[in-house]
Amino acid sequence: MTAHTPAALVLEDGRIFRGEAYGKVGRSLGEVVFTTGMTGYQETLTDPSYHRQIVVQTAPQIGNTGWNDEDDESDKIWVAGYAVRDPARRPSNWRSTRSLDDELTGQGVVGISGIDTRTLTRHVRELGAMRGGIFSGPELLSDEQMVAAVKDSSQMVGASLAGDVTTQKPYVVPAEGGKRFTVVALDMGIKANTPRMMAQRGIEIHVMPLASTMDEILQVAPDGLFLSNGPGDPATTDAQVELTRQALDRKLPLFGICFGNQVLGRALGRGTYKLQYGHRGINIPVIDQETGKVAITAQNHGFAVEGEPGEEFDTDFGRAIVSHHCANDGAVEGLRLLNGPAFSVQYHPEAAAGPHDAAPLFDRFVDLMSESSKS
């Protein structure tokens, strides 16, 4: 651990939290957001949806289980910065190969420890997610200089970030057991557990780059299209929205999650907007409009689709419904075509880390492809 090197987390409204450097010493700028998960920090840090965000952990103790080589959700840490209250002095877990601090340092992630993350979380919850920066060591400047640097940084609204995190070339995750279906997954920031869960259901997944065309997708002869999670403002996804509309025209079975839910929403004619502080954590309740059941879900999104719980609306592809909504604030958490093979949810059914309540959505996707193949 970087011993006793002073650090500061600075918000664009001038609020400053002082602590010690954790991970790399230096400067990092991004949108300050909080996540409520008490476990799964390795999966959080390697989730591409957190690209260009400074993540604040609301759980006070972080790093107890160290870092291993099995739980990464992508090939690197994507967060712009990391803020924790009480980092573990040494990890203790049989799967751990190194400490979290060592991994942050090795991957060049600037962090801060020893700050009052509860006060910081309440501040962001009241005033909304905002730009911020972590400054430590030689980068620790005067308050005025640090606030100015934060105010000069980019906004999340209008940020096109999925291109930063997408795969550069297609790759295939083979089905486990007998192959039942072929699915193209449009990679807007996909997590490793998503293809894994589809593979367990006999699906061969072709993960394809963000800029893939319908012609390229059809060369795979897919039974379905999957729209992944990802970072940034969904208003910047015009090409992916048009691709989705082409898939809907062809009645290609479609399943979207998180960012993919917003892309489908736009393809169905809905707008999107920025939430005050977003939904990030592994304990967020979602109500299924059809059954009334509540699922505890893993989420990570700062934008949402416009709409009201249970609302039915017309689209170019027939009637659709807001199929799920958040029990906390009523935000749209799912969409479904009423007479077409397409649905999406705003949360993460692969739940890495998180509860498994939403895992059956992958089975629903399988059923959708089965029904489509018979028609």
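Hi everyone, let's start with one residue: leaving out residues up to four places away in sequence, Gln-262 touches Pro-234, Thr-272, His-301, Phe-303, Ala-304, Val-305 and Gln-346. Contact here means heavy atoms within 4.5 Å.

Before going on, a word on what we are looking at. This is a predicted model, in which local features need pLDDT of at least 70 and side-chain atom pairs count only at pLDDT 80 or more, while totals for chains, interfaces and linings use all residues. Residues are numbered from 1 along each chain as its sequence is written, and side-chain values use heavy atoms, with hydrogens and water left out.

Back to Gln-262. Where does Gln-262 sit? Its place is in helix α9, residues 259–267. Helices are DSSP runs of H or I with at least four residues, strands are E runs of at least two, and both are numbered from the N terminus. Gln-262 is buried, with a relative accessible area of 2%. By buried I mean under 20% relative accessible area; exposed is over 50%, and partly exposed is in between, using a 1.4 Å probe and protein chains only.

The helix around Gln-262 follows suit. In α9, 8 of the 9 residues are buried, so the helix is largely enclosed by the rest of the structure. Those buried residues are Phe-259, Gly-260, Asn-261, Gln-262, Val-263, Leu-264, Gly-265 and Ala-267. After α9 comes Gly-269, with a positive phi near 95 degrees.

Now, which residues does the "binding site" annotation cover? According to UniProt, in an unreviewed entry, they are Ser-49, Gly-230, Gly-232, Phe-259, Gln-262, Asn-300, Gly-302 and Phe-303. They span 255 residues in sequence, yet no two of their C-alpha atoms are more than 13.4 Å apart, so they gather at one spot. A small caution: UniProt positions are given in the numbering used here, feature names are shortened, and annotations may be inferred rather than shown by experiment.

Ser-49 is one of the annotated residues. You will find Ser-49 in the loop between α1 (41–45) and β4 (53–57). Ser-49 counts as buried, at 5% relative accessibility. Setting aside neighbours within four places in sequence, Ser-49 is in contact with Asn-229, Gly-230, Pro-231 and Asn-300. Gly-230 and Asn-300 also belong to the annotated set.

Let's turn to the strands. Here 7 strands close into a barrel, in the order β1-β2-β8-β6-β4-β3-β9, with mixed pairing. From one strand to the next, the twist averages 35 degrees. Two strands pair if DSSP finds at least two bridges between them. One such pair is β2 (residues 16–23) with β8 (residues 110–113), antiparallel over 4 bridges. Within that pair, Gly-23 has Val-110 in β8 as its bridge partner. Packed on the sheet is helix α4 (residues 143–151), which touches β1 (6–11), β2, β3 (27–35) and β9 (130–136), and its direction makes about 135 degrees with that of β9. For these angles, axes are lines fitted to C-alpha atoms, for helices over the stretch in contact, and angles run from 0 to 180 degrees between N-to-C directions.

UniProt, again in an unreviewed entry, lists residues 5–135 as "domain: Carbamoyl-phosphate synthase small subunit N-terminal". The end C-alpha atoms of that span lie 11 Å apart, and the span is 18% helix and 34% strand.

Gly-23 comes up again with Thr-105, a residue of helix α2 (residues 100–106). Thr-105 is partly exposed, with a relative accessible area of 38%. Not counting residues up to four places away in sequence, Thr-105 touches Gly-23 and Lys-24. Thr-105 and Lys-24 are 81 residues apart in sequence, but their C-alpha atoms are 4.5 Å apart in space. A polar atom of the Thr-105 side chain lies 3.5 Å from the backbone oxygen of Gly-23, and the Thr-105 side chain also reaches the backbone oxygen of Asp-101 at 2.9 Å.

Last stop, the cysteines. How many disulfides does a search of the whole structure find? The count is 0, where a disulfide is a pair of cysteine sulfur atoms within 2.5 Å. For Cys-258, the closest cysteine sulfur is in Cys-326, 13 Å away and too far for a bond. Cys-258 counts as buried at 1% relative accessibility, and Cys-326 is buried with a relative accessible area of 1%.

Terms used. Polar contact = N/O pair within 3.5 Å; in protein donor to acceptor, adjacent residues only side chain to side chain.
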